[in-house]
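Student: I've got a structure to go through and I'd like to talk it over step by step. Can we start with the overall layout and then zoom in?

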Amino acid sequence: KTDPRSLNSRVFIGNLNTLVVKKSDVETIFAKYGKIVGCSVHKGFAFVQYITERNARAAVAGEDGRMIAGQVL
């Protein structure tokens with residue numbers, strides 16, 4: 001989305017081992033923080049879009065520094 005208000009509800013996930021971790025894995029890991037309205041996985045990183053900024057903040061707080069597939073997010 002290009003809506004500037006949606007930027008605050010988007011989470012950047014860096015240092016992601018995308019050789020092992022797939023889009024469905026990212027969605028499963030981050031779904032516990034709220035309804036995901038978009039998810040895109042790229043080489044080494046991903047974005048997850050939530051409905052609210054509150055969901056995005058919770059996801060960042062909960063997953064920052066977590067190790068997934070041998071790499072710290």
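Tutor: Sure. One definition up front: two strands pair if DSSP finds at least two bridges between them. Also keep in mind that this is a predicted model.

Student: Then in which sense do β2 and β3 pair, and over how many bridges?

Tutor: Pairing needs at least two bridges. Strand β2 covers residues 36–42, and G38 has Q49 as its bridge partner in β3. The two strands run in the antiparallel sense, and the bridges between them number six.

Student: How many residues sit between β2 and β3 in the hairpin, and which one in the turn has a positive phi?
Tutor: β2 and β3 form a hairpin with two residues between them. The turn residue with a positive phi, at about 90 degrees, is G44.

Student: Which residue of β3 stands opposite G14?
Tutor: Strand β1 spans residues 10–14 and β3 spans residues 45–50. They pair in the antiparallel sense over five bridges. Opposite G14 in β3 stands F45.

Student: Zooming out, what pattern does the protein follow along the sequence?
Tutor: The secondary structure comes to two helices and five strands. Put in sequence order, they give β-α-β-β-α-β-β.

Student: Why is the protein said to be as compact as a globular protein of that length?
Tutor: The globule rule gives 11 Å for 73 residues. The protein is as compact as a globular protein of that length because its radius of gyration is close to that value, at 11 Å.

Student: What share of the contacts with a separation of 6 or more comes from residues 24 or more positions apart?
Tutor: A contact here means heavy atoms within 4.5 Å. Among contacts with a separation of 6 or more, residues 24 or more positions apart account for 59%.

Student: Now R66. Where is it found, and is it buried, exposed or partly exposed?
Tutor: R66 is in the loop between α2 (53–63) and β4 (67–68). Its relative accessible area is 32%. Buried means under 20% and exposed means over 50%, so R66 counts as partly exposed.

Student: Which residues does R66 touch, leaving out those up to four places away in sequence?
Tutor: With those neighbours set aside, the list has residues from two stretches of numbering. R66 touches I29, K32, Q71, V72 and L73.

Student: And how far is R66 from G38, going by C-alpha atoms?
Tutor: Along the chain, R66 and G38 are 28 residues apart. G38 is the β2 residue that bridges to Q49. Between the C-alpha atoms of R66 and G38, the separation is 21 Å.

How values were computed. Residues are numbered from 1 along each chain as its sequence is written. This is a predicted model: local features need pLDDT of at least 70, side-chain atom pairs count only at pLDDT 80 or more; totals for chains, interfaces and linings use all residues. Side-chain values use heavy atoms; hydrogens and water are left out. Helices (H or I, at least four residues) and strands (E, at least two) are DSSP runs, numbered from the N terminus. The radius of gyration is taken over C-alpha atoms; the globule rule is 2.2 Å times the number of residues to the power 0.38. Buried means under 20% relative accessible area, exposed over 50%, partly exposed in between (1.4 Å probe, protein chains only).
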